[in-house]
Amino acid sequence: MPDRISRVTGYTTLDLVEGEAVGADWSAEALGVLDATADRRDPDHVELRVELDGTDLAGVEDLRHHADVLRLTPEQARAVAEDLRSHADRVAASRDRTTGDVNAD
């Protein structure tokens, strides 16, 4: 994906996934990247980032008011769930350290 905004590294959740940008009366298929992450130090939220390949969407005149839809295989869905769970645990642990609450979920 040229001109990518999202960094793709060995830690990226899914570095290649089939996707689709969907508008009110149009749709365009594109390959994309999906990453679940949290800040390394004192995370306070989990971020789920989706970026579809702009070259695949080059024929779309107006990308405003649309949704990006990813079609995940069962293995990909499990990878995303595992990454989200891992980052959620880190965020919760960071909040526990901040508040001093050792019994927080």
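Arginine 49 is partly exposed, with a relative accessible area of 36%, in what is a predicted model. The side chain of arginine 49 meets that of glutamate 47 in a salt bridge, with 3.3 Å from N to O, and glutamate 47 is likewise partly exposed because its relative accessible area is 30%, which lies between the limits of 20% and 50%.

This pair belongs to a total of two salt bridges in the structure. The other joins arginine 71 to glutamate 20, whose closest N and O atoms are 3.2 Å apart, and it links distant parts of the chain, since arginine 71 sits in strand 4 and glutamate 20 in strand 1, 51 residues apart. Glutamate 20 is buried, because its relative accessible area of 18% falls under 20%, whereas arginine 71 counts as partly exposed at 32% relative accessibility. The table sets out the accessibility of the four residues in these salt bridges.

| Residue | Relative accessible area | Class |
|---|---|---|
| Arginine 49 | 36% | partly exposed |
| Glutamate 47 | 30% | partly exposed |
| Arginine 71 | 32% | partly exposed |
| Glutamate 20 | 18% | buried |

The strands form an open sheet of four, in the order 3-2-1-4 and with antiparallel pairing. Strand 3, which covers residues 47-52, and strand 4 are the edge strands, each of them pairing on one side only, and the twist from one strand to the next averages 40°. Strands of a sheet pair through backbone hydrogen bonds, in either a parallel or an antiparallel manner. Here strand 1 and strand 4 run antiparallel and are joined by five bridges; as one detail of strand 4, leucine 70 is the bridge partner of glycine 19.

In the loop between strand 2 and strand 3 lies aspartate 42, a residue that has a positive phi of about 45° although it is not a glycine. Aspartate 42 counts as exposed, because its relative accessibility of 57% is over 50%.

Helix 1 lies across strand 1, strand 2, strand 3 and strand 4, and it runs at about 35° to strand 2. The helix comprises 26 residues, from 74 to 99, and at 1.5 Å a residue it should span 38 Å, which agrees with the 37 Å between its end C-alpha atoms. After helix 1 comes glycine 100, with a positive phi near 80°.

The buried residues of helix 1 are Gln76, Val80, Asp83, His87, Val91, Ser94 and Asp96, and they pack against strand 1 (14-22), strand 2 (27-37) and strand 4 (67-71). Glutamine 76 counts as buried because its relative accessibility, 16%, is under 20%. Leaving aside residues up to four places away in sequence, glutamine 76 touches Leu14, Leu16, Val17 and Arg71; the last of these is the arginine that forms a salt bridge with glutamate 20.

The largest nonpolar core has 10 residues, namely Leu14, Val17, Ala21, Ala28, Ala30, Leu34, Leu52, Leu57, Leu70 and Val80. The elements that give two or more residues to this core are strand 1 and strand 2. In soluble globular proteins, nonpolar side chains tend to be buried together. Several residues already named recur in this core: Val80 is among the buried residues of helix 1, Leu14 and Val17 are touched by glutamine 76, and leucine 70 is the bridge partner of glycine 19.

Notes. Residues are numbered from 1 along each chain as its sequence is written. This is a predicted model: local features need pLDDT of at least 70, side-chain atom pairs count only at pLDDT 80 or more; totals for chains, interfaces and linings use all residues. Side-chain values use heavy atoms; hydrogens and water are left out. The expected span of a helix is 1.5 Å times one less than its number of residues. Buried means under 20% relative accessible area, exposed over 50%, partly exposed in between (1.4 Å probe, protein chains only). Contact means heavy atoms within 4.5 Å. A nonpolar core is a set of buried Ala, Val, Leu, Ile, Met, Phe, Trp, Tyr and Cys residues joined through side-chain atoms within 4.5 Å. Two strands pair if DSSP finds at least two bridges between them. Axes are lines fitted to C-alpha atoms, for helices over the stretch in contact, and angles run from 0 to 180 degrees between N-to-C directions.
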